[in-house]
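Okay, thanks everyone, I'll keep this short. Let's bring the structure up and walk through it together.

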Amino acid sequence: MGTAPAIAAADITGLVLAGGRGTRMGGVDKGLQLLQGEVLAAHAVRRLRPQVGGVLINANRNFAAYEALGVPVFADSVPDHPGPLAGMLSGLEHCPTPWLLTVPCDTPRFPPDLAARLAEALAAEGNHARIAMAAAPETEADGHTVLRRQPVFCLLHIELRDSLRRFVEEGGRKVGAWTAQHNALTVPFDRPGDAPDAFFNANTLADLQTLEQP
């Protein structure tokens, strides 16, 4: 398989997924929770900007607050806010570039080279690869470290939009089940120097307090 051309940052649009219900955080709008005096979504936008050509936000409430962050905001295009796939679909529907990089709003320390390494993996794989997904080491209860996929940290080509729309409209909800249809590449973020907590996400208010620690 021949190597595909490198994917330029200008050809990638970043999408912050902030359209969830925040159930495990008591129903609050997770992206607008404060971390070190700034809303979580703002941390994500700032982390994305140097990596991509432009940034979008997917949100389903409090639109003015998200628009105040200075990037376009789009709601789900399917009803009932069925999860991150709906946000990814909205991103693909509004993406002005060939590639879309998705990140959740609740993981403010994701790698500063996320886009570059996912793009590099796709180029190395060749012309047929259309999805790359991050994987990060996690320590199991027995002390063993395993590489676990981080399914919402995805670099996707916009030609997958119709496939994703069909999957969501047919009731599909799991990111991994959809990406498996397209032979997604898994890209490990376990190099020396990679931050061990880069993919730590704030699912609960207690998690948010953990992130507040220096």
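I'd like to start with two charged residues: Lys 30 is buried, and Asp 106 is buried as well. Keep in mind that this is a predicted model. So what are those two side chains doing? They meet each other in a salt bridge, 3.0 Å from N to O. And the pair links distant parts of the chain. Lys 30 sits in the loop between strand E1 (12-18) and strand E2 (34-35), while Asp 106 is in the loop between strand E6 (99-104) and helix H4 (114-125), 76 residues apart.

Now, which residue does Arg 117 pair with? That would be Asp 194, again in a salt bridge, with the closest N and O atoms 2.9 Å apart. This one also links distant parts of the chain: Arg 117 is in helix H4, and Asp 194 is in the loop between strand E9 (185-188) and helix H7 (205-212), 77 residues apart. Are the two ends buried or partly exposed? Arg 117 has 5% relative accessibility, so it counts as buried. Asp 194, at 23%, is partly exposed.

Then there's Arg 148 with Glu 140, closest N and O atoms 3.3 Å apart. Here Arg 148 is partly exposed at 33%, and Glu 140 is partly exposed too, at 30%. Elsewhere, Glu 93, Arg 161, Asp 162 and Arg 165 are joined into one network by salt bridges that share partners. If you search the whole structure, you get 13 salt bridges.

Back to H4 for a minute. With 12 residues at 1.5 Å each, H4 should span 16 Å, and its end C-alpha atoms are 17 Å apart, so that agrees. Its buried residues are Leu 114, Ala 115, Arg 117, Leu 118, Ala 119, Leu 122 and Ala 123. Those pack against E1, E6, strand E7 (131-139), strand E8 (145-157) and E9. Just past the end of H4, Gly 126 takes a positive phi, about 120°.

Last stop, the nonpolar core. The largest one has 62 residues, and those with the most contacts inside it are Ile 12, Val 16, Ile 57, Leu 101, Leu 114 and Leu 156. A second, separate core has 5 residues, including Leu 35 and Ala 202. As for Val 16, leaving out residues up to four places away in sequence, its contacts include Ala 44, Leu 48, Ile 57, Val 103 and Cys 105.

That's my tour, happy to take questions.

Terms used
Residues are numbered from 1 along each chain as its sequence is written. This is a predicted model: local features need pLDDT of at least 70, side-chain atom pairs count only at pLDDT 80 or more; totals for chains, interfaces and linings use all residues. Side-chain values use heavy atoms; hydrogens and water are left out. A nonpolar core is a set of buried Ala, Val, Leu, Ile, Met, Phe, Trp, Tyr and Cys residues joined through side-chain atoms within 4.5 Å. Buried means under 20% relative accessible area, exposed over 50%, partly exposed in between (1.4 Å probe, protein chains only). Contact means heavy atoms within 4.5 Å. A salt bridge is a side-chain nitrogen of Lys or Arg within 4 Å of a carboxyl oxygen of Asp or Glu. Helices (H or I, at least four residues) and strands (E, at least two) are DSSP runs, numbered from the N terminus. The expected span of a helix is 1.5 Å times one less than its number of residues.
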